[in-house]
Amino acid sequence: MLLEYALIMKFTQPAAAREINRLRVLNLLLEVKEYSRAEIARHLKLNKPSTSEIVEQLIKDGLVAEAGKRETAAGRRPVAITLIPDAAFVLGVDMGSRNTSIALADLEGNILRFERFPTTAQPEVKELCSSVIRIIRKMSKLATSPILGVVVALDGVLSDDKRTLIRNEHWDWNDIPLAAIIERNTELPTLLAHNVEAMVFAERRIAHEEEENFFFVNWGEHIKSALVSKNSITGGDTQFGHLVVSPTGLCRCGKIGCLESQAAGWALSERHGGKTVKQLCLEPNLMIEDDLRQAAQAMGMALVAASAITGCNKIILGGGLANLGQEYLSYLKDYYKEHSNREKIQIECSELGEKQTLLGSIALALDWWMFKSSLLEVIQGQGK
Ligand SMILES: [Zn+2]
């Protein structure tokens with residue numbers, strides 16, 4: 001999709017050049033918070049008249065404002081330009097297997113409203129969608145500026161146009177035009193994102209992960225992975241959670257010994273009276289501790305294989321179980337070091353915590369409907 005867009009823009013020069021520079025100014029202001037016109041021009045290597053023209057248009061559009069004069073080292077006092085965070089909003093939705101979360105966020109990605117409700121084990125399309133739509137409508141009424149769009153992050157295989165959920169292995173949902181359903185009922189542009197892709201996006205944009213090639217694992221209720229390289233994320237239909245790591249343990253997929261049967265949130269919860277992993281960590285007994293260590297070891301074993309096959313430069317763990325605690329994590333890392341020939345590869349836990357998918361869906365929505373920084377990266381990559 002991004003490439004197509006880049007190509008279309010290429011054909012419509014010089015309007016494209018203006019639009020690209022407008023986006024570069026917006027992205028710069030998002031990053032630096034405030035800059036004078038001269039600083040913007042210098043930083044982006046634009047001439048002063050076109051910088052002023054872009055800034056005037058952005059002021060007219062209500063996206064940026066003059067924030068008063070600033071003192072510089074030279075004693076001059078140029079006018080600072082800043083982004084207006086609440087000039088527009090986006091909505092992010094994380095349809096997770098345990099909870100569904102919805103947030104209204106401003107242009108800086110700050111969450112202004114947040115709601116969460118439990119997702120049932122086998123949700124009906126109609127039931128789950130109408131709960132989501134009801135909350136979106138409620139949040140839209142509260143929004144004081146336009147909402148640009150909604151991104152719904154969920155597990156499953158998505159259509160190329162990011163509008164239809166083709167299948168979801170846990171819910172038995174097939175060919176559901178989810179984006180169209182939400183658009184029809186909220187009048188807001190809607191796109192879907194794979195939850196691991198949303199997490200990876202958050203890792204890059206919010207946690208500022210600079211490594212370009214890494215293996216990312218969403219270690220939560222289920223286990224999913226993505227191989228991330230410069231401009232691509234391969235995730236969607238991979239089956240990392242069903243890598244065989246044990247001779248025993250019935251998996252929900254029907255096979256024996258999958259990683260999920262040893263280390264997924266659902267498996268641990270099933271073995272310990274339905275308690276969530278968070279609860280298990282809070283009230284450990286010898287049996288729970290032993291089981292969590294085994295889960296960490298199973299993950300370590302799968303990571304040895306993943307690292308060997310992908311040749312990734314780094315491994316990042318996200319999701320609820322990535323926060324099991326330092327003790328289990330060290331256990332995992334020790335196992336990895338002992339068994340991998342690529343023992344120097346770093347294993348890290350994401351700092352973004354349990355809202356990572358939601359933050360990712362917000363960041364994707366901002367990128368698709370306002371900042372288009374992924375597109376800029378593609379275009380600038382072509383220019384190199
Ligand atoms: Zn399995």
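**Figure 1. Helices H2 and H4 are roughly perpendicular to each other in this predicted model**. The angle at which H2 (residues 15-32) and H4 (residues 48-60) pack is about 75 degrees, and their axes are 10 Å apart; because angles from 65 to 115 degrees count as roughly perpendicular, this pair is described in that way. On the side of H2 the contact is made by Asn-21, Arg-22 and Val-25, while H4 contributes Ser-50, Ile-54, Val-55 and Leu-58. Sorted by class, the residues in this contact of H2 with H4 are 4 nonpolar, 2 polar and 1 charged.

**Figure 2. Arg-37 is a buried residue in helix H3**. Arg-37 has 20 other C-beta atoms within 10 Å, and a residue with 20 or more such atoms is counted as buried, which is why Arg-37 falls into that class. Leaving aside residues up to four places away in sequence, Arg-37 touches Thr-51, Ser-52, Val-55 and Ile-81. Of these, Val-55 is also one of the residues that H4 brings to its contact with H2. Arg-37 and Tyr-335, in contrast, are separated by 298 residues in sequence and by 54 Å in space, taken from C-alpha to C-alpha.

**Figure 3. Lys-45 lies in the loop between helices H3 and H4**. Helix H3 covers residues 37-44, and in the loop that follows, the phi of Lys-45 is near 55 degrees, a positive value in a residue other than glycine. Lys-45 counts as exposed because it has 7 C-beta neighbours inside 10 Å, where 12 or fewer are required for that class.

**Figure 4. Asp-175 in strand E10 has a positive phi**. Strand E10 comprises residues 173-176, and within it Asp-175 has a phi of about 45 degrees although it is not a glycine. Asp-175 is counted as exposed, because 9 C-beta neighbours lie inside 10 Å.

**Figure 5. Asn-218 is a buried residue in strand E12**. Strand E12 runs over residues 214-219, and Asn-218 within it counts as buried because it has 29 C-beta neighbours inside 10 Å. When residues up to four places away in sequence are not counted, Asn-218 touches Asn-195, Val-196, Met-199, Ile-223, Lys-224, Gly-318 and Gly-319. Asn-218 and Arg-37, the subject of an earlier view, are 181 residues apart in sequence, and their C-alpha atoms are 42 Å apart in space.

**Figure 6. Helix H13 is mostly covered**. This helix takes in residues 356-371, and 15 of its 16 residues are buried. Just after H13 comes Lys-372, which takes a positive phi of about 45 degrees.

**Figure 7. The chain that holds these views is divided into three domains**. Domain 1 covers residues 2-83, domain 2 joins residues 87-200 with residues 356-370, and domain 3 covers residues 211-350; the C-alpha centres of domain 1 and domain 3 lie 43 Å apart. The chain contains 14 helices and 16 strands. Its radius of gyration is 23 Å, which is close to the 21 Å that the globule rule gives for 384 residues, so the chain is as compact as a globular protein of that length. The C-alpha trace spans about 70 × 50 × 40 Å along its principal axes, and 41% of the 384 residues are buried. Among contacts between residues at least 6 apart in sequence, 61% join residues at least 24 apart.

Definitions and conventions: Residues numbered from 1 in each chain as written. Predicted model: local features only at pLDDT ≥ 70, side-chain atom pairs only at ≥ 80, totals over all residues. Axes fitted to C-alpha atoms, helices over the stretch in contact; angles between N-to-C directions. Helix = DSSP H or I, 4+ residues; strand = E, 2+ residues; numbered from the N terminus. Parallel < 35°, antiparallel > 145°, perpendicular 65-115°, else oblique. Contact = placed C-beta atoms within 7 Å. Nonpolar A, V, L, I, M, F, W, Y, C, P; charged D, E, K, R; others polar. Domains from an automatic or database assignment. Rg over C-alpha atoms; globule rule 2.2 N^0.38 Å.
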